Amino acid sequence: MPNDYMETLTCPFGELATNLCDSELRETAYEILVGACLSSSGKTSNNKVSDSERNSEKAGAAAATPQTSLTSRAASKVKKALGLRSRRKKASATKPVPGPGSGPDRVSKVSSIEETFRVQMGVSEQTDSIVRRALSKVAADQKIESIVLPLEMLQQLKPADFTSLEEYQASQKRNLKLLEAGLLLHPLLPLDNNNTDAQRLREIVNGAPDTIRNNESMQALRSIVTSLACTTREDGSVSGTCHWADGFPLNLKIYQMLLEACFDVNNDASVIEELDDVLELIKKSWPVLGMNQMLHNLCFLWILFNRYAMTDQSEVDLLNASEDILTKVENDARALKEDANCAKMLSSISSSILGWAEKRLVDYHSHFHSDNTELMQSMVSMAVPSAKIMAEDRVEVDGVDVGYKKVDEYIKSSMRAAFAQASSQYFSMIVLAVPRYE
């Protein structure tokens, strides 16, 4: 397919009101996953192999890469359902597949999936060790949704955990910016302008890290953050969910970092072999980020579609997978529109997909030929549902079915463009054929 419309698509997740960069969001996303895994296991060692075990596994598969899956010999349910393919490694580099039972094999499989995820996220073993050591002290006995993770990292991490004082200070600043973003700039529940805890947190963030010097100041920060993050029920009890990362668009930005880990670090357009297992791992973040299946489908739709649009557009699997998920999103459209933030994101994604597809469909004679006509069906299948979503639940506009109207527009527009081109060529031939007299 021609690549004359390679363009930068605007991210539909919105912009943060703070300068948290992708690397900081990625590190936070990884910490959430580690905390969720430790919390769900209830043990600090269940989801992580020892150094000796890890070295043994590496020695046994020296030629293997982190993308070599423990389940690479089995068909991926997600990839099969979406029609996705992944880059398979050579058989000699593939590790044996553990049995489906419980015990050491299961622990090893979970550990290997987490190790794959670590590499996909670009997290070093040293950073992973620091994060696990810090979170093992708090996550093993609590549900991850009841933990304000940046607050715990601020308290648990010490200068000795880092190779330099600069790294430690950068970590402190990142966690304070996260508290600011989640509790002050993008809270799930609107803040009262006269909230004294919010004012005090702003003062701490602006004065960091000097304002957190001792246990007393740390306890004061904990009291402020807990007050802002935890809602109070009607009976006066405190909710078990801490709302520090589930406000829009902070939660979407963090979730985007997690979903990006589904793609091969060596090939932007190819999903990893462990897609099923990694997606199951990512679901552990839902209680923290306030995600659900509908929001996941919406986010994953954008990730897949954007990958197809921004690469060489040769991976038709990504377009087909986007088409499949768009069908689910269309079915959920009415429910998504009940929430203002979801409705805004739905509209933005639908608009981007529709605009991108229509640049090809309004002149399909120029973009689709005998060798790629099958792509035209996928383009129409992306454009029509997007148009219906944009029509705000109206199946008909001016008495005409939205899908029929769009297809009719594409046909007429393309015919006009083809006629104009043919006329221009014919006119040029006539001009060239007319004899010229000196």
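**View 1. The second largest pocket of the predicted model.** The second largest pocket encloses about 380 Å³ of space, where a pocket is an open set of points on a 1 Å grid over the protein atoms alone, with protein on both sides within 12 Å along at least five of seven lines, and where a volume is the space filled by probe spheres set on the points, which are joined across faces, edges and corners. Its lining, meaning residues with an atom within 4 Å of a point, comprises 19 residues, and Asp-22, Arg-26, Gln-256, Met-257 and Glu-260 lie nearest the centre. Two elements, α1 (22-41) and α10 (250-260), give two or more residues each to this lining, with α10 giving the most, four residues; helices here are DSSP runs of H or I with at least four residues, numbered from the N terminus.

**View 2. The largest cavity.** A cavity is a set of grid points where a 1.4 Å probe fits but cannot get out, and the structure holds one such cavity of 30 Å³ or more. The largest cavity has a volume of about 50 Å³ and is lined by Tyr-30, Leu-33, Val-34, Cys-37, Glu-114, Phe-117, Arg-132 and Leu-281. While α1 and α4 (104-120) each supply at least two lining residues, α1 gives the most, with four.

**Notes on the model.** Residues are numbered from 1 along each chain as its sequence is written, and side-chain values use heavy atoms, with hydrogens and water left out. Because this is a predicted model, local features need pLDDT of at least 70 and side-chain atom pairs count only at pLDDT 80 or more, whereas totals for chains, interfaces and linings use all residues.
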